[in-house]
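User: Hi! I've got a structure open and would love a quick tour of it. Can we go through it together?
Analyst: Happy to. Let's put it up first.

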There are 2 protein chains.
Amino acid sequence: MKKVISAPTMKDVAREAGVALGTVSKVVNGLPVGDSYRIRVENAIQKLNYQVNSYAQGLKANKTYTVALLIPNTIDPFFASLTYYINTALMKRRYKMLLCSTDFDPRQEQEYILMAQNNKVDGIIGLTYNPSLVVEENTPFVAIDRSMGPGIPCVACDNFAGGQLAAEKLADLGCRHVAFLRSGSSLANEPNKRKAGFENGCLSRGLSYEMKILNDGDSFEEFEQFLSEHLSEGRLDFDGIFCVTDRLACLTRDMLGRLQQRVPEDVQLIGFDGIRAFGNTVYHCSTIVQPIPEMAEMCVDLLLRESMLAKPPLVCLPVTYASGGTTCEPFLV
Amino acid sequence: MKKVISAPTMKDVAREAGVALGTVSKVVNGLPVGDSYRIRVENAIQKLNYQVNSYAQGLKANKTYTVALLIPNTIDPFFASLTYYINTALMKRRYKMLLCSTDFDPRQEQEYILMAQNNKVDGIIGLTYNPSLVVEENTPFVAIDRSMGPGIPCVACDNFAGGQLAAEKLADLGCRHVAFLRSGSSLANEPNKRKAGFENGCLSRGLSYEMKILNDGDSFEEFEQFLSEHLSEGRLDFDGIFCVTDRLACLTRDMLGRLQQRVPEDVQLIGFDGIRAFGNTVYHCSTIVQPIPEMAEMCVDLLLRESMLAKPPLVCLPVTYASGGTTCEPFLV
């Protein structure tokens, strides 16, 4: 199955071309040599399928064509998908990617940034949680979902618009009294704008709403408690719920089942993220879809831009709505 | 938010220690210098938090502490999870990982192997589909799920035992006449042993069985056709089905719904892989669980072993069964 070959060296190329080693080196490094020599070396390179030692060349060029991606893990489907699209966007440009799974650990995040800098990466893309990360000034950095200060562009979906879209959709679907459920990091970050967007949408469409917000470490049972406190004679006070993630929406559907509420007949449910089962089949729930391929492309594009002046501090990319079985779409099956 | 610092150089260390640049270089590279000099340099390194340029050092040591992972993508949950555990297993050992998403493309696979070799990686871990991959003899390689020939260890779960376990479980759950559904690559690979294991289990437990096998490119509608051909007066001939993946098991559940068959009341269903919704919540279906963390650890361990003699050609790691709602477990809710 496996054919073993030994890679040709620069010496082999010199022998094949009948020139000195230094001549091959000059050609490989783009230095001037006589045309007849250049052609002989190029032919020998092609014939032997000689591959340049990119590692040594990168050291010389002070460029490694390597980017580090810091991301909590690739098990969460949002992170996993983002990783895939960033990886392919980089490889399309012939950049390599070092994957650094941080497990949400601020110390790991800082350590991987040092590691990346020590390895002379050309840039770092990070979805990080350490509010006091130290990044070397001359290492380009693009942040995802969290603004890290001047000079560091942040890429996110339009979370505010997504929250607003969720409220508008619930209004369109006939809801009048809705709830907003949130759990997660209390650090300042872009996803936290979903709440303000949702409130804005409720106000503009005349929906009454209540909110239940848990912080990291709070028990999810508090959501079930909250919902059960809003039952009157077996019926829920809410006819629509917006959950801040698809994961939470699915948990909420289970809670509603235990409270004898039918989804979507009694209460309609919209999540956020656009996660599909098995990565690419059906949506887990009706959802506000993040434009992950476009976010990945934007991160790479901003990171590799030559001019820092052209780097905007925050880029928000448009979200869309997708029906996924937890809402009653009027004209769809 | 971001503090900008400029990394100290070797020159800064020399100035701080009051020694010549060459002395610092010797200390950093482990060459002998007088104790008093060594201590002054080490103190200066610590005080300035000087970081060695690992890139240049790796070049010198002919070791880059970098491993390339070739995997189709990180969108499929099995690949995504494997990527995470391989990444953390490598980082625990202070190795960096280049992620190479191949999109199942044999040409991409070959190109990334050349890229990895040109960048002097210390080894490659690959879940690949190119049956004629060319790998340099002196680049350690560990394959996942497909034997690639002498000298290249292959790591997989015990697919044969998993197929057998599925048959045994269906027998334990009261099934008498079962079906096996398979789709996927027709290349010789480890997962294809699930079929032989299942047949073996059926024979040893006296289950009658039928098989429907699709190759890459065949339409999944053929499965629905197969199932509908096995309906007699509205009842399915089978009381149990083993699907070669969880993804196929979920599709099959949908098909059975369209054929008015209830899962698990009328027909019990077991998949393979152990995929959980959102990466870490509930199983999508009852399933044979692959030991992904252990497989990842084994890949890294085999890759970094010094002695090739100690590398076994095939390592199969044990699977387990998990109930996930598509079977009727007698003593569980």
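User: Let's begin with Thr128(B). Where does Thr128(B) lie?
Analyst: Thr128(B) is in the loop that runs between β4 (123–126) and β5 (141–144) of chain B. One thing to keep in mind throughout is that this is a predicted model.

User: Okay. Is Thr128(B) buried or exposed?
Analyst: Thr128(B) is buried, since its relative accessible area is 3%, and the cut-off for buried is under 20%.

User: And which residues is Thr128(B) in contact with, leaving aside its neighbours within four places in sequence?
Analyst: The contacts of Thr128(B) are then Leu70(B), Glu109(B), Leu133(B), Arg146(B) and Met148(B).

User: Staying in chain B, what is the order of the six strands in the open sheet?
Analyst: In chain B the order is β8-β7-β11-β12-β13-β15, and the pairing is mixed. The edges are formed by β8 (208–213) and β15 (320–322) of chain B, each of which pairs on one side only. On average, neighbouring strands of this sheet are turned by 25 degrees against each other, direction ignored.

User: How do β13 and β15 of chain B pair?
Analyst: Strand β13 (residues 287–289) of chain B pairs with β15(B) in the antiparallel sense, over three bridges. Within that pairing, Ile288(B) stands opposite Tyr321(B) in β15(B).

User: Which helix packs on that sheet?
Analyst: Helix α7 (residues 159–172) of chain B packs on it, touching β7 (177–182), β11 (240–243), β12 (268–273), β13 and β15 of chain B. The direction of α7(B) makes about 165 degrees with that of β12(B). Helix α8 (residues 193–205) of chain B lies across β7, β8, β11 and β12 of chain B, and runs at about 165 degrees to β8(B).

User: Now chain A. What is the strand order in its open sheet of six strands?
Analyst: In chain A the open sheet is ordered β8-β7-β11-β12-β13-β15, with mixed pairing. Its edge strands are β8 (208–213) and β15 (320–322) of chain A. The twist from one strand to the next averages 25 degrees.

User: How many bridges join β12 to β13 in chain A?
Analyst: Three bridges join β12 (residues 268–273) to β13 (residues 287–289) of chain A, and these two strands run parallel. Gly271(A) has Thr287(A) of β13(A) opposite it. Helix α7 (residues 159–172) of chain A packs on this sheet, at about 165 degrees to the direction of β12(A). Helix α8 (residues 193–204) of chain A packs on the sheet too, touching β7, β8, β11 and β12 of chain A.

User: What about β5 of chain A: which residues are on its two sides?
Analyst: Strand β5 (residues 141–144) of chain A has Phe141(A) and Ala143(A) on one side and Val142(A) and Ile144(A) on the other. All four are buried, so both faces of the strand are covered. In general, side chains in a regular strand alternate between the two faces of the sheet.

User: And which strands are joined to β5(A)?
Analyst: β3 (residues 123–126) of chain A is joined to β5(A) by three bridges and runs parallel to it, with Ile124(A) partnering Phe141(A). Two bridges join β5(A) to β6 (residues 154–157) of chain A, again in parallel, and there Ala143(A) stands opposite Cys154(A).

User: Different topic: at what angle do α1 and α2 of chain A pack?
Analyst: Helix α1 (residues 10–17) and helix α2 (residues 21–28) of chain A pack at about 110 degrees, with their axes 9 Å apart. That makes α1(A) and α2(A) roughly perpendicular to each other. Met10(A), Lys11(A), Val13(A) and Ala14(A) in α1(A) meet Leu21(A), Val24(A), Ser25(A) and Val28(A) in α2(A).

User: Last one, aromatics. How many aromatic pairs are there over all chains?
Analyst: There are 22 over all chains. One of them is Phe78(A) with Phe79(A), a tilted pair at 5.9 Å centre to centre and 50 degrees between the planes. Phe78(A) is buried at 6% relative accessible area, and Phe79(A) is buried at 7%. Phe78(A), Phe79(A), Phe104(A) and Tyr129(A) form one aromatic cluster.

User: And which ring does Arg194(B) lie over?
Analyst: Arg194(B) lies over the face of Phe272(B), 3.7 Å from the ring centre. The charged end of Arg276(B) sits over the ring of Tyr283(B), at 4.3 Å from its centre.

Key: Residues numbered from 1 in each chain as written. Chains lettered and ligands numbered in written order. Predicted model: local features only at pLDDT ≥ 70, side-chain atom pairs only at ≥ 80, totals over all residues. Heavy atoms only, no water. Phe/Tyr/Trp six-rings, centres within 6.5 Å; stacked < 30°, edge-to-face > 60°. Buried < 20%, exposed > 50% of the residue type's maximum accessible area, 1.4 Å probe, protein only. Lys NZ or Arg CZ within 6 Å of the ring centre and 35° of its normal. Pairing = 2+ DSSP bridges. Axes fitted to C-alpha atoms, helices over the stretch in contact; angles between N-to-C directions. Contact = heavy atoms within 4.5 Å. Parallel < 35°, antiparallel > 145°, perpendicular 65-115°, else oblique.
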